[in-house]
Every structure is written in C-alpha cells, then in structure tokens.
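Me: I'm new to this one, so could you take me slowly through a single part of it? I'd like a close look at the inside, where the nonpolar side chains gather.

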Amino acid sequence: MADPEIKSYEPYHESRSAAVTESRPAQAVLMAIAFVFLGVFLLLPLIIVFHEALAKGVGAYTQALGEPDARSAIHLTLLVAAISVPLNVVFGISAAWAIAKFEFKGKAFLTTLIDLPFSVSPVISGLVYVLLFGAQGLLGEWLKAHGIQILFAVPGIVLATVFVTFPFVARELIPLMQEQGNGDEEAALSLGANGWQTFWYVTLPNVKWGLLYGVLLCNARAMGEFGAVSVVSGHIRGLTNTMPLHVEILYNEYNAVGAFAVASLLAGLALVTLVLKTLLEMRYGAELAATRGH
Amino acid sequence: MTKPHFRKLLGALVATSVQFGTLGFAFADTTILNVSYDPTRELYKAYDEAFAAHWKAETGETVTIQQSHGGSGAQARAVIDGLDADVVTLALEGDINAIVSKSKKINPDWRKKFENNSAPYTSTIIFLVRKGNPKGIHDWSDLVKDGTQVITPNPKTSGGARWNYLAAWAYANAHDGGDEAKTREFVGKLYANAPVLDTGARGSTVTFAQKGIGDVLIGWENDAYLALDEFGADNFEIVYPPTSILAEPPVAIVDANVDAKGTRKVAEAYLGWLYSKEGQTIIAKNHYRPAKPELVAPADLPKTPDIKLISIDDPLFGGWKKAQPYHFGDGGIFDQIYKPAQ
C-alpha cells in the first residue's frame, strides 16, 4: 500500500491489529478477492464434482464405485500410497537427520537434489523410469532376462509415485531439525541413552507434528499423482490404472457419473486429509507453533 | 498427546501398510492383454465378453482379456518399451511396423497371418458437425475456410489422426490435379484451423462433443456414431464427404510375448475369431465395416452411404512403409506444414 511500514512484517501471531495499516475498504477488497477466487476456482469445482457424481442418484453412484475396474483402481491407489508413504517417511527422516545434524561434503548438493522432484515435470519423472527400466532402456535386458517386470506394473507405479513425493517429508523436517539443533540429543547421550533410544524418546517426539504434516501431504500427492503414473502405467484396465487414471478413462468413455464418482472419492480423501490437518492444528496449535519452525 | 500415543499411531500406519503389501491379485486361468487404440473400447468390451464365453464353451478354459487403450502411436511405443501385450489391435499398419522394427517382438510377415491383410474390419474418416450444420460443411474444402475451427488429433501420437490427414491429402491431391505444393498448402491451412491437437482420437471427440470446442470434428466413422448414441442425435449431425480414406486397422500377435508367456494358442484364437460370424456381427454392430459382410445378417450391417474411399496402397501414398516416414517422420511433411497456434 501507500505506506509500507516495517511493522507489518512482524510474525502474524503477534498482536495483529497493531500491524494493520490498510484502510477498511482496502481490507474488504482484499478479503473479497480472496473469497471470490477461492469460491470460483476451488469450491465451485468441488461442488460440481459431487453434483455430477450424484446426477443420476445414489444408486448409480454406489454402482459406479462398486464396478470391478473402479474397485481395482481404488485398491491399487491405496496400495501405492501404503508402500510409498512409509518409504518416504524412512527416507525423509534419514535425509533430514543427515542434513540437519551432520556436517559433510556434498550437503548442499543433497539438499538441492531433494528438491528436484518439485522442479521437474511429472511427465519427465515417468519417462526417466521408462528410459531406465523399459525394454529398450538401460536395465531392460537384464530385467527381462531375470523375469522382473517393473514398467507397466505395480513396481513402476510405486517408483514413479515415490519419485514425485520424495521431498514432502524431508522438506517438512529439515528446517525443524535444523532449528532444534543437537542440544537435546547431546543431553540424552550424556545421560547414557544409546542412539536408538535417543531417536525414539528425544528426536521423534520433537519432530512428530512436522512429520505427521509431511505424511499427510505426501499421502495426498501419492493418491492424486497423474502425470508420472500415467507414463509408466500401461493403462491396463483393472490392473494398472490408479484412481486418477481411471477417472480420465471413464470420462473419455462418456461415463460422467462413473468418472465423477471416482473423482469425488479422491476429493473426499483430500478433504479428510484437510480436516485431519485442521484438527491437528486446532488441538495442538500451541505445540505445533512451538515445534514447527515456520 | 503423549509419546506412547504417537507411537501407537505410527504402529497403526506400519500395520496397514504391511496389510496392503500382502494383498495379492487373483488371476484367472489364462490372461491375455490386448493393447488397442482409442475408439475400440466399446467394440472390444463386447467382443472380449463374447470370446471368453466362446472359449469356455469350446475348450472349458477360462480366459480373461485385459484391455489397454490409448493413442495408437503411444500404445505401440508402450509395447516397444515393454508393455506385455499378447495381441495388438492398432489403428494402422505403420504402428505395428514400428514394433517390428524397433523391438523385433512381432514377426515381419505379420500381415499374412490373418485374412484381409490382418485387417478384420475397416473404417473411414467422416465429419461430425453441430446440429443444423451451421457452418455448412459438406466437403474437405469447407474445412480450410477462415473462421472454421477443425478438431482433429495429433498425427504424431494418434493413428486416427494420420488417417484424417491422409484423407485430406487425398482430397486435395485430386482437387489440385496432383500439384504437391498446392496439396501441402491445403493441408497446412486445415491444420492452421485446428485450435488444439489431442493425443488420441477419443480425446478429440471429447473436446468436440463434451467440451463444445470447434465447428467440425474429423474422426472415425464408428466414433461419430458413438457420439450420436451418447449425446443424442439432437446435438450433432454426421456429414459424409464425397471422398475419404479406406482405413484398415490391423491386428497382430506379439510373437515374443506370447511365446514367453505360453499364450500363443489362445491369442491366435482370439484374433482369428474376429473373422467368424459372431465376431463380424459384433464389429458391424459397433459401427465398423466388417471385412466379411456376407457373414453378417443384413439388418446388422451399418447403413453407410457409398462414398469414394482411397486406399493407403494407392500409388498416391504407396503403402504405409512409404507414407509413414514421408508424411509423419521427424522432419516429414507434417512437421514442415504444422505450426502450433500462437
């Protein structure tokens, strides 16, 4: 605005009114823009999804979800999330630990590398695996000789999902662990705890909310990923179609109710994630603010 | 929240993941995978069901047919990259030849394997316009007029799109008396009128019919009829141009895959049965033109007007082996004439 005061850059949970310099009409305009934008671009599409899904009644809706190909897509999506999320938890904690607590050569490089999936288009993430594991790829011959099918099967879909969700847990934990430093761990060690005990009783409780946050985000993306999975899926009905892919197939078959029914389920999963996150924040807001560095 | 509480949550997470990990997939006796192109979804859905019943009655074996659909070129690429297809039923010979030359998974003489050059059905390319034909589209020349939006998929990824392109080329060639420079200009103008190129024929139909973009859809005859069935004849009209192309979508066994999986017998029976009375009838009912119409009851035959159809083997094109690289290869004519809209 006209008078940009340094004051307004204070953290938001400090006395809020003191920082407000905008006039009332300006506030109203800003709020109106935010609400209209969210309403038109987020809320309205969401309502349409559910409206289209139920356009032919609840019977058609449940029938669409009970259809074998749809059930297999739901099953596959849950399976992929159930494998890739724990993998990312293990990786995320290890990477965050290494970066936050140790000094080593190549640390900056590792930090940059973790961000790679955020900056690379998901299509590329998928194609990388085609070039690596495809029949014409680097490891194609070897895999074929040993009868291992990665591409166009569940392992390929899991790999692609792990790739695109790589940063979620690590990104959440790194700043948190960096801020907390080594003090608590050093105290635990000096009191005679071993490494595992230190992790279980000191480090993990310190980062638990950040971790849970990361897991929720990671899970949402794992279930919703389209681009990378589409490249490696092979689109075999009832076998390698995840929910997002199945939505597209149904839509292309003019089956709007089926497509939106599956889409509404995906949206529902996202809403559950959102509610969980909000509940966590409401119930443990203070603790969260204290332990989440940002 | 206390520490044990949180650990319980973590434990539950791990437990569910283990549970999901051990859930397997149940397989039927024999499973074969048919990798096909976009508009055949409804055809093979009906055919697969009928064939499974036929095979059960004939041999007592249960066979499950899995389907994968997409743009014909993209599907061929997936088979080359290792998609484990037993049979491919693609939009054109060129895509199967690509699998032959790039992966050697299909024997080079595959066209002799089944009747009619391994094409159990043919089709052609026609126009779908909005009800009442407001732009008055009757022939290919109407597509290059200023202000006419043409919906057609990308010939690089879609087999149907290549047929569309070649049909336009054949018209322009006849119209310009064989002057290739003029033919190029005509086809270039047509693509300049295309606001979007989808990757597959079905994507284009959805763009035109569901999203309401464009004045005319160039597409498969069967897909046009399907769109009429789905969206009602009060929204669209089919227009037959006086000339078009004879599209022969071929089928082939993926030899290397069926031999590795031991599914050759059922895969061959699966494709062979397409030429039976039952197979040809299902083909006709799905708005394809059966290769052996004499097997089909006259009532089930599609009622299609008699238009002039030019074959890909016409000297104008010289077959797919020549036409594919000349028109659609890297730096080919399509690359030279197509400039994406700014």
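Reply: Let's start with the largest nonpolar core, which has 66 residues; W140(B), Y165(B) and L190(B) are the ones that touch the most other members. Keep in mind that this is a predicted model. Helix α6 of chain B, residues 159-175, gives this core its largest share, 9 residues. The core also draws on two domains of chain B, with at least three residues from each: domain 1 (30-119 + 249-275) and domain 2 (123-247 + 306-337).

Now zoom in on L190(B). Once you set aside its neighbours within four places in sequence, L190(B) is in contact with W140(B), L143(B), V144(B), V150(B), A168(B) and I218(B). So what's the general idea behind a cluster like that? In soluble globular proteins, nonpolar side chains tend to be buried together.

There's also a second, separate core, this one with 41 residues, and among them are M177(A), F199(A), L204(A) and V247(A).

For contrast, have a look at the largest pocket, with a volume of about 940 Å³. Its lining has 33 residues, and those nearest the centre are S230(A), H235(A), G71(B), A74(B) and T199(B). Chain A elements giving two or more residues to that lining are α5 (122-133), α11 (227-233) and α12 (243-252), while chain B does so with β2 (63-70), α3 (72-80) and α8 (201-209). By type, the lining splits into 12 nonpolar, 14 polar and 7 charged residues. Domain 1 and domain 2 of chain B turn up here too, each giving the pocket lining at least three residues.

Technical notes: Residues are numbered from 1 along each chain as its sequence is written. Chains are lettered from A and ligands numbered from 1 in the order in which they are written. This is a predicted model: local features need pLDDT of at least 70, side-chain atom pairs count only at pLDDT 80 or more; totals for chains, interfaces and linings use all residues. Side-chain values use heavy atoms; hydrogens and water are left out. On a 1 Å grid over the protein atoms alone, a cavity is a set of points where a 1.4 Å probe fits but cannot get out, and a pocket is an open set with protein on both sides within 12 Å along at least five of seven lines; lining residues have an atom within 4 Å of a point. Grid points are joined across faces, edges and corners, and a volume is the space filled by probe spheres set on the points. Helices (H or I, at least four residues) and strands (E, at least two) are DSSP runs, numbered from the N terminus. Ala, Val, Leu, Ile, Met, Phe, Trp, Tyr, Cys and Pro count as nonpolar, Asp, Glu, Lys and Arg as charged, and the others, Gly among them, as polar. Domain bounds come from an automatic or database domain assignment. A nonpolar core is a set of buried Ala, Val, Leu, Ile, Met, Phe, Trp, Tyr and Cys residues joined through side-chain atoms within 4.5 Å. Buried means under 20% relative accessible area, exposed over 50%, partly exposed in between (1.4 Å probe, protein chains only). Contact means heavy atoms within 4.5 Å.
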